[in-house]
Amino acid sequence: MVIEHAPLEDELGDVLEKAMRCAGIGEDELAARVEVAADKIRDAFDYRYDFTAEEMSRLAEGLGLNEIGLNALASGRYPLPEIGGLPFCLYPLRTPHGIGVANAYVIAECGSQRGVLFDTGGDVEVLRRVWPTGIRRLDAVFITHPETEHLAGLADVQRRFGPVPVFGPAGAAIAGATSVQEGSRFEIGRFVVETLATPGHAEAHNCYVVRSSGAPTGRALLVSGDILFAGSIGGAYFCSERLKKHVTRLLALPEDTAVAPGHGPLTTIGNERRFNPFVL
Ligand SMILES: [Fe+2]
């Protein structure tokens with residue numbers, strides 16, 4: 001299976017569920033608070049939506065969500081920006097995992113055979129199939145967090161490309177990986193990779209900001225793992241306040257920063273500031 005375009009990671013029902021979890025309330029309490037039938041809220045969890053415009057507005061207000069973004073999700077028209085003008089080539093590698101799709105990314109100077117890999121996907125065979133044909137050498141692998149859907153291809157990548165330095169978040173049990181902390185900075189060829197430690201979805205989680213030393217004021221790329229998605233944020237399994245703090249921090253990056261999330265399509269910081277349901 002080859003996935004050319006990633007669907008959004010979350011639909012309206014997923015966003016409502018995450019927002020309720022963040023707020024620590026169940027559907028009956030939400031229903032009473034926003035005067036929407038609890039059954040309609042439960043239907044939304046099963047991707048059946050029947051909210052009126054007024055109900056959507058009260059849901060957004062009651063859960064502290066961005067109403068414009070929530071309505072865009074509900075109508076299946078969440079806006080996605082054009083991603084152009086990066087000072088290097090970016091190859092999104094979409095791989096299936098369970099019922100979902102996980103993303104890995106190769107960056108390379110355009111025309112070069114050497115690249116840097118971020119995450120390694122959820123399916124070894126598919127990662128091989130979608131691998132950019134021109135990329136024959138890897139200078140480094142960076143892992144956002146040690147969940148199988150982001151890590152499954154690592155051993156195979158190491159077999160194919162030889163001893164490649166692997167970097168991952170502190171506290172992650174990734175064989176052969178070096179832990180990288182908040183603020184760690186790497187210069188790999190013309191790439192400058194900065195580490196942001198972002199626990200909250202997983203206890204061990206990093207995001208990475210990539211710039212080109214050849215274009216230091218040029219557009220940057222944020223590899224956001226499972227913290228920030230187009231139209232949503234990651235599930236907060238450990239601590240939602242911590243995760244939201246990191247989302248706020250990521251959104252303070254320049255608005256033209258391209259965002260390459262662990263699931264779903266590419267977006268930009270500016271787009272998510274305007275439309276992400278979790279951003280007010
Ligand atoms: Fe994930």
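Colleague: Let's start with strand E10 (residues 221–225) and strand E13 (residues 258–261): what makes them a pair, and in which sense do they run?

Modeller: In this predicted model, E10 and E13 are joined over 4 bridges, in the parallel sense. Pairing asks for at least two bridges, so the two strands qualify. One of the residues involved is Leu221, whose bridge partner in E13 is Ala258.

Colleague: Which sheet do E10 and E13 belong to?

Modeller: They sit in an open sheet of 6 strands, ordered E7-E8-E9-E10-E13-E14, and the pairing there is mixed.

Colleague: Why are E7 (185–188) and E14 (267–268) called edge strands?

Modeller: Each of them pairs on one side only. That is what earns E7 and E14 the name.

Colleague: What is the order of the strands from E1 to E6, and which are at the edges?

Modeller: That is also an open sheet of 6 strands with mixed pairing, in the order E1-E2-E3-E4-E5-E6. Its edge strands are E1 (89–97) and E6 (177–180), each paired on one side only. From one strand to the next, the twist averages 25°.

Colleague: How do you know that strand E4 (residues 137–142) and strand E5 (residues 166–169) count as paired?

Modeller: The two strands run parallel and are joined by 2 bridges. The cut-off is at least two, so E4 and E5 meet it. Phe142, for instance, has Phe167 in E5 as its bridge partner. Helix H8 (residues 154–161) packs on this sheet as well, touching strand E3 (114–118) and E4, and its direction makes about 155° with that of E4.

Colleague: On to the loops: what is notable about phi of Tyr47 and of Asp119?

Modeller: Most residues other than glycine have a negative phi. Phi of Tyr47 is near 65°, a positive value, and Asp119, which is not a glycine either, has a positive phi of about 60°. Tyr47 lies in the loop between H3 and helix H4 (53–63), while Asp119 lies in the loop between E3 and helix H6 (124–130).

Colleague: Is Tyr47 buried or exposed, and how do you know?

Modeller: Tyr47 has 10 other C-beta atoms within 10 Å. Exposed means 12 or fewer, so Tyr47 is exposed.

Colleague: And Asp119, buried or exposed?

Modeller: For Asp119 the count is 31 other C-beta atoms within 10 Å. The cut-off for buried is 20 or more, so Asp119 is buried.

Colleague: How do helix H1 (residues 12–23) and helix H3 (residues 38–45) cross, and which residues meet?

Modeller: Their axes come within 7 Å and cross at roughly 115°. Leu12, Gly13, Leu16 and Glu17 of H1 meet Ile41, Ala44 and Phe45 of H3. By class, this contact has 5 nonpolar, 1 polar and 1 charged residues. Gly counts as polar and Glu as charged, so Gly13 and Glu17 fill those two classes.

Colleague: Finally, how is the chain divided, and what makes up the side of domain 1 that touches domain 2?

Modeller: The division is into domain 1 (12–74) and domain 2 (89–275), with C-alpha centres 31 Å apart. Across the boundary, 10 residues of domain 1 are in contact with 7 residues of domain 2. On the domain 1 side, H1 and helix H5 (67–74) are the elements that give two or more residues, and H1 gives the most, with 5 residues. By class, that side has 5 nonpolar, 2 polar and 3 charged residues.

How values were computed. Residues numbered from 1 in each chain as written. Predicted model: local features only at pLDDT ≥ 70, side-chain atom pairs only at ≥ 80, totals over all residues. Axes fitted to C-alpha atoms, helices over the stretch in contact; angles between N-to-C directions. Domains from an automatic or database assignment.
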